Amino acid sequence: MSEIHSSGVEIEERFHITGRRAIVFTLAGYVRDGEQFTVLFGDKLFVTMLLDVDADDDQLIFDLGGAETLNRALLRADRCRLAARPGGIHVHFDVGRVSEIEYEGRPAFAVALPTAIARLQRRESFRIATPVLNPVRFFVSRSDGKELEFSAFDISVTGIGLLTTAAPDLLSGELLERCRIRLPDEAQELQMAARVQHIISCESRVGERQWRIGVHFLNLSTAFENRLQRYIARLERERNEHT
């Protein structure tokens, strides 16, 4: 029996990356991709770039700001926050006191690695509606051999919204270990695990009973995430061309 919720749709998805290895790996990716970060301390801020992650010394190295007064003020601050929006997803982490060092022959800031990295995605800002006539298909393979198939109504790089006119054989919070996504006009399907975030019962414009299902991806590979990003960018481009 499915668990159906009529209200309480989540508008935010929060994740925390913890553990030294995961934090080093994540920060190294931001360094590699040249992500811009904003340093916030007190009522002051400036934009910087992450330069290196020194795993041996457990420290993060980032560039100085453009104003010397702000750089001096940061050195006096007890704590600061670094924030960015890689891939449209808000990321931030808090660190302690910053010191000035020399990195590759020029001055830079160094700080102890954070204990956690917070990621926040607002669904209404970064999800995109998917086509109705040529829909994205989502499949769930059960351990008993049964397969469930759904059409999507929106998608992001972290999750998908599904629509069905039959009561879904799913539970809110359920772990779905074997899932596949079939994108229109693409032969290779995307495979991942996922979790059911919510199930909402509603009515269509013509009075038909429907269920909307929010699903969060759990182990989408970088290659598959890049494919999703390209698909979302193509949908956005096509939408802009017709407006």
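## Arg72 and its partner

In this predicted model, Arg72 is partly exposed, its relative accessible area being 32%. Its side chain forms a salt bridge with Glu100, and the closest N and O atoms of that pair are 2.6 Å apart. The contact links distant parts of the chain, since Arg72 belongs to helix α2 whereas Glu100 belongs to strand β7 (residues 99-103), 28 residues apart. Glu100 likewise counts as partly exposed, with a relative accessibility of 36%.

## Other salt bridges

Across the structure the count of salt bridges comes to 16. One of them joins Arg106 to Asp63, with 3.2 Å between the closest N and O atoms. Arg106 lies in strand β8 (residues 106-112) and Asp63 in the loop between β4 (59-62) and α2 (68-76), so this pair ties together parts of the chain that are 43 residues apart in sequence. Arg106 is partly exposed, at a relative accessible area of 37%.

A further salt bridge brings together the side chains of Arg142 and Glu174, at 2.5 Å from N to O. Because Arg142 sits in the loop between β11 (137-141) and β12 (147-155), and Glu174 in the loop between β13 (159-164) and β14 (175-182), the pair ties together parts that are 32 residues apart in sequence. Arg142 counts as buried, with a relative accessibility of 16%. Elsewhere, Glu147, Arg180, Arg182 and Glu189 are joined into one network by salt bridges that share partners.

## Aromatic pairs

A search of the whole structure finds five aromatic pairs. Among them, the rings of Tyr30 and Phe37 have centres 5.6 Å apart and planes at 55°, so this pair is classed as tilted. Both residues are buried: Tyr30 has a relative accessibility of 9%, and Phe37 has one of 0%.

Phe41 and Phe46 form an edge-to-face pair, with 6.1 Å from centre to centre and 75° between the planes. Phe41 is buried, at a relative accessible area of 5%, and Phe46 is also buried, at 5%. These two residues belong to a cluster in which ring pairs link Phe41, Phe46, Phe62 and Phe109.

## Charges over rings

Two arginines are placed with their charged ends over aromatic rings: that of Arg180 sits over the ring of Phe139, 4.5 Å from its centre, and that of Arg212 sits over the ring of Phe153, 4.3 Å from its centre. Arg180 therefore appears in two settings, as a member of the salt-bridge network with Glu147, Arg182 and Glu189 and as the charge over the Phe139 ring.

Key. Residues numbered from 1 in each chain as written. Predicted model: local features only at pLDDT ≥ 70, side-chain atom pairs only at ≥ 80, totals over all residues. Heavy atoms only, no water. Salt bridge = Lys/Arg side-chain N within 4 Å of Asp/Glu carboxyl O. Helix = DSSP H or I, 4+ residues; strand = E, 2+ residues; numbered from the N terminus. Buried < 20%, exposed > 50% of the residue type's maximum accessible area, 1.4 Å probe, protein only. Phe/Tyr/Trp six-rings, centres within 6.5 Å; stacked < 30°, edge-to-face > 60°. Lys NZ or Arg CZ within 6 Å of the ring centre and 35° of its normal.
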